Amino acid sequence: FFRSFVRSFARHHLTVSDGGDAAGSTQEEAVQQLSQRVQAVLANGGIPFCVGGGNDQSFANFLGWQAHQQQQQQQPQRRLAVVNIDAHLDVRPLLPGDVAHSGSPFRQMLQHANFHGTYVVFAAQGSQCSAAHAQFIQDHGGDVVWLSELQPSTTAQSFELLLNALAAQPDTDIFVSFDIDSIRASDCPGVSCSSPDGLSAATALDMCRIAGRHPNVGLMFRVCANLAWEKLPSEREGGRVCVCVC
């Protein structure tokens with residue numbers, strides 16, 4: 001009965017719409033556009049689901065959420081728990097001239113004056129991460145769940161337990177960022193930094209379903225698809241990334 005009710009409710013009360021593309025002649029312009037779009041969707045009571053290229057856009061998502069909170073002027077101020085499903089930690093320093101890049105978004109977020117929350121990287125691969133960056137996350141109150149600590153048969157359940165633990169904190173919204181290079185190359189080859197190790201596509205899809213139905217998840221972002229890979233003539237390879245993303 002419960003499943004039938006949920007399906008009926010979703011069919012009659014949920015609306016999926018396209019909020020448009022965020023683009024600009026510079027990275028700064030694109031970040032500003034995306035943050036404004038995220039803020040507008042949140043202001044209208046929606047749940048932004050962004051599909052992007054590089055993970056540098058995760059900082060724009062945070063800025064949009066933060067702007068919405070300031071606009072609401074809620075007391076007490078809501079906290080943001082960020083779960084980054086990723087093979088990498090993405091807290092690298094900015095480039096010379098304070099230029100942001102795909103490896104810096106969560107360092108920018110953690111160092112932002114208005115960030116009051118938690119950052120957790122899930123399924124990080126130790127062979128692709130710096131010990132100094134892991135220490136940076138811990139020094140800023142975050143945590144890393146390493147892929148080597150997870151059992152393939154229970155990874156999705158561990159992810160759900162993490163979301164529940166974060167949601168148990170008072171006045172907390174959850175932002176799930178899913179970098180698909182956390183999926184092993186045999187299942188999802190066309191990403192920014194593929195690896196033979198990683199999550200299976202089946203586990204990744206289970207985790208997406210868990211995040212999608214969790215009541216505290218108010219923002220999702222799917223990143224790092226290398227769409228140029230989809231133009232390969234090989235039918236064996238082409239299309240696999242888009243299937244995973246969709």
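Here is a short tour of this predicted model, from its overall build to a few side chains.

Because the model is predicted, local features need pLDDT of at least 70 and side-chain atom pairs count only at pLDDT 80 or more, while totals for chains, interfaces and linings use all residues. Residues are numbered from 1 along each chain as its sequence is written, and side-chain values use heavy atoms, with hydrogens and water left out.

**The overall build**

The chain holds eight helices and six strands; these are DSSP runs numbered from the N terminus, with helices being H or I of at least four residues and strands being E of at least two. Starting at the N terminus, the order is α-α-β-α-β-α-β-α-β-α-β-α-β-α. Of the 246 residues, 45% are buried (buried is under 20% relative accessible area, exposed over 50%, partly exposed in between, with a 1.4 Å probe and protein chains only). Take contacts (heavy atoms within 4.5 Å) between residues at least 6 apart in sequence: 68% of them join residues at least 24 apart.

**Salt bridges**

There are four salt bridges, each being a side-chain nitrogen of Lys or Arg within 4 Å of a carboxyl oxygen of Asp or Glu. The table gives three pairs, including their N to O distances.

| Acid | Base | N to O distance |
|---|---|---|
| Aspartate 173 | Arginine 78 | 2.9 Å |
| Glutamate 160 | Arginine 213 | 3.8 Å |
| Aspartate 206 | Arginine 209 | 2.9 Å |

What does the bridge between aspartate 173 and arginine 78 tie together? Aspartate 173 sits in strand E5 (residues 172–179) and arginine 78 in the loop between helix H3 (57–72) and E2, so the pair joins parts 95 residues apart in sequence. Aspartate 173 is buried at 16%, whereas arginine 78 is partly exposed at 22%.

Glutamate 160 belongs to helix H6 (residues 155–167) and arginine 213 to helix H7, 53 residues apart. Here glutamate 160 is partly exposed at 27% and arginine 213 is exposed at 57%. Arginine 209 and aspartate 206 both lie in helix H7, three residues apart, or about one turn of the helix.

**A few more residues**

Threonine 203 is also in helix H7 (residues 201–213). Threonine 203 is buried at 13% and, leaving out residues up to four places away in sequence, touches Pro152, Thr155 and Ala156.

Arginine 92 is in the loop between strand E2 (79–85) and helix H4 (105–110) and is partly exposed at 39%. Beyond its neighbours within four places in sequence, arginine 92 has contacts including His101, Arg107 and His133.
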